Amino acid sequence: GQLTTLSGTLQSADRVARIAPVLLGADAPQRVFIGFQNDAEARGTGGLPGAFAIVVVDKGRFTFTNFENDNFLNGTKTGVDLGRDFSLAYAPMQPASMYVNTNISAHFPYAAKLWAAMWQAKTGEQVDAAIAVDPTALSYLLRATGPTQLADGTTLTADDVVQLTQSSAYIRFGDDQEARKQFLTDVARAASEHLLDPGTDETALLKQAGKAGSERRLLIWSRDPSVELELASTSFSGTIPVTSDPYSGFTINNAGGNKLDYYLDRAVSWSASGCGPTRTVTATIVLTNNAPTSGLTNYVAGRLDRPAYPVHPGDNVELVSYYATSGASLTAATVDGVAVPAPSILREEGHPLFRFGVELPVGQARIVTLTIEEPNTGEPLTVLRQPLVRPLTVDVDHPSCP
C-alpha cells in the first residue's frame with residue numbers, strides 16, 4: 001500500500017531526472033526565452049505577452065542576458081508554418097508577426113515556437129526552450145523567496161505583485177505607456193533575479209512552481225524532441241491533448257484591446273445526457289464584466305476595435321473559443337438565449353473549435369450556451385482551465401451509465 005501511494009511521486013521524480021539535466025545545460029548551454037503574460041488582457045494561454053527575458057543556463061548556472069518589452073519583437077516576421085489548422089484559425093490575427101498575438105491559441109507550443117523564431121529572426125540567436133509565467137505564478141514563487149525591491153525602491157511582495165502589475169501600474173503611469181512598460185520590465189528583472197538569490201528555500205520554491213504549473217500559469221517548451229515528449233504528459237506543457245476522450249476547453253481572447261479582463265469573472269458548467277454511442281452535451285458559460293464605471297484610464301477601459309455601435313467606458317468584447325471532444329458537432333449556440341449568427345467552426349489538435357464574439361457591457365453578465373453532439377466513449381472528462389486574474393468556476397455533471 002505504501003509503495004502504491006509513492007508511485008505517482010516516483011514517476012514524477014523519474015521524469016524530472018530525465019529532463020532536468022537537458023534544461024539546466026548539463027551537456028550544452030541552453031538559451032531560454034521567458035515570456036511574462038499579462039492576464040489583464042486575455043490570450044489563449046493566459047494573458048497578453050509583454051515583458052520577456054533571455055537567460056542562458058550552463059551546467060546549472062543562470063545568466064540573464066536580456067530584459068525587453070513587447071516593442072522589441074512586435075512586427076518581427078518569422079515565416080513559421082504551424083500547420084493548416086493553425087493558419088485557418090489564426091492567420092487574420094497575424095500571430096507570426098505580432099508578438100502580442102503569438103499566444104492566441106491555448107496550445108502553448110505554438111506560442112513558444114513563435115517566440116523562439118521571433119528572437120532568432122531579430123538577433124540571430126537560437127532559443128532552446130521557452131517558459132511562460134504570469135503575475136499569479138510570480139506571487140507563488142515570491143512566497144518561497146520572500147519580497148524583493150525594484151531599483152526605484154518599490155517593494156515587490158507575494159501579496160501585491162498581481163495588483164501592482166495588472167491594475168495599479170496603469171493608474172500610476174496613466175498615459176505614459178513607455179514608462180509603464182519599463183516599470184513592468186523592471187518587475188520582471190527583479191523577480192527573476194531574486195529567484196536565484198543564495199539561501200532561497202529550493203524545496204519551497206519547487207513546491208510553489210508545481211502549484212503554478214498545475215494551474216497552467218508556469219509553462220515550459222523545449223526544442224529537444226525527447227524533452228518535449230516528456231513534458232507533454234505534465235501540466236507544464238500547456239498543450240491541448242490529441243485525444244478521443246471527452247474534452248471541454250473554454251477560452252477567451254480579449255478583442256477590445258484593453259485591460260478589462262482584470263475585472264472578469266468566468267463560470268462554466270458542463271452536462272451530458274444519454275448513454276448510447278453518442279450523447280448530447282450542454283456547455284454553459286457565464287461571463288461577468290465587473291469593471292468599475294469610473295476611475296479607469298482610457299487605455300484600460302477603452303476600445304481599440306472601433307465598433308460601429310455605441311459603447312461606454314468599461315464595455316468589453318471577448319472572442320470566445322470552445323474546444324470540444326474529437327468528433328463532436330455543434331447543433332446550437334446562443335448568447336442570452338439568442339442564436340449566435342454563423343459561429344466559426346474550426347479545428348485544432350484534432351478537436352473541433354467553435355468561436356464567436358461576445359459583447360460584454362460594463363456591470364453585466366452574458367450567458368453563452370452551446371449544445372453539442374459528441375461520441376460517448378465512457379471516459380472521464382478533461383477540462384481546460386485558462387488561467388486569468390480571477391479563477392474559473394467549473395461545474396461538471398457527468399452521467400452514470402451502466
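# Notes on the predicted model: salt bridges, sheets and enclosed space

1. Let me start with a pair that is easy to find on screen: Lys 181 and Asp 70 form a salt bridge through their side chains, at 3.2 Å from N to O. The two residues come from distant parts of the chain, with Lys 181 in helix 6 (residues 177-194) and Asp 70 in the loop between strand 3 and helix 2 (84-90), 111 residues apart. Lys 181 has a relative accessible area of 14% and is therefore buried. Asp 70, at 8% relative accessibility, also counts as buried. Please keep in mind throughout that this is a predicted model.

2. How many salt bridges does the structure hold? The count is 16. As a general reminder, side chains of opposite charge can pair when their charged atoms come close. One of the bridges joins Lys 259 to Glu 41, whose closest N and O atoms are 2.6 Å apart. Lys 259 sits in the loop between strand 8 (247-254) and strand 9 (264-273), while Glu 41 belongs to strand 1, so this pair ties together parts that are 218 residues apart in sequence. Both partners, Lys 259 and Glu 41, are buried.

3. For another setting, have a look at Asp 58 and Lys 59, whose side chains meet in a salt bridge at 4.0 Å from N to O. That value is worth a glance if you work with cut-offs, because a salt bridge here requires the nitrogen to be within 4 Å of the carboxyl oxygen. Are these two residues buried or exposed? Asp 58 has 32% relative accessibility and counts as partly exposed. Lys 59 reaches 63% and counts as exposed.

4. Salt bridges also join up into a network, which links Asp 39, Asp 134, Glu 215 and Arg 217.

5. Turning to the sheets, one is an open sheet of five strands in the order 3-2-1-4-7, and its pairing is mixed. Why do strand 3 and strand 7 each have one side without a neighbour in the sheet? Strand 3 (61-68) and strand 7 (218-222) stand at the edges and have a single partner strand each, so one side of each is left free of a neighbour in this sheet. From one strand to the next, the twist averages 25°. Within the sheet, strand 1 (residues 30-43) pairs with strand 2 (residues 46-58) in the antiparallel sense, over ten bridges. If you want a landmark for that pairing, Ala 42 has Gly 47 of strand 2 as its bridge partner.

6. There is also an open sheet of six strands, again with mixed pairing, in the order 13-12-16-10-9-18. Its edges are strand 13 (338-339) and strand 18, each of which pairs on one side only. Strand 10 (residues 278-289) and strand 16 (residues 365-375) run antiparallel to each other and share eleven bridges. Here the landmark is Thr 280, whose bridge partner in strand 16 is Glu 373.

7. Now to the enclosed space: the structure holds two cavities of 30 Å³ or more. The largest cavity contains about 80 Å³ of space. Which element gives the largest share of its lining? That is helix 5 (residues 161-173), with four residues. The lining includes Gln 166, Tyr 170, Tyr 262, Leu 296 and also Lys 259, the residue that bridges to Glu 41. By class, the lining of this cavity has six nonpolar, four polar and one charged residues.

8. The second largest cavity has a volume of about 30 Å³. Among the residues lining this cavity are Ser 248, Trp 270, Val 383 and Asp 395. Strand 9 and strand 18 each supply at least two residues of the lining, which by class has five nonpolar, two polar and one charged residues.

9. Finally, a point about the open space, where the second largest pocket has a volume of about 790 Å³. Which of its 41 lining residues are the closest to its centre? They are Glu 41, Arg 43, Leu 48, Val 100 and Lys 259, so both members of the salt bridge from point 2 appear here. Elements giving two or more residues to the lining include strand 1, strand 2, helix 4 (135-145) and helix 9 (298-301). By class, the lining of the second largest pocket has 19 nonpolar, 13 polar and nine charged residues.

Terms used
Residues numbered from 1 in each chain as written. Predicted model: local features only at pLDDT ≥ 70, side-chain atom pairs only at ≥ 80, totals over all residues. Heavy atoms only, no water. Pairing = 2+ DSSP bridges. Axes fitted to C-alpha atoms, helices over the stretch in contact; angles between N-to-C directions. Buried < 20%, exposed > 50% of the residue type's maximum accessible area, 1.4 Å probe, protein only. 1 Å grid on protein atoms, 1.4 Å probe; cavity = no way out; pocket = protein on both sides within 12 Å on 5 of 7 lines; lining within 4 Å. Points joined across faces, edges and corners; volume = space filled by probe spheres on them. Nonpolar A, V, L, I, M, F, W, Y, C, P; charged D, E, K, R; others polar.
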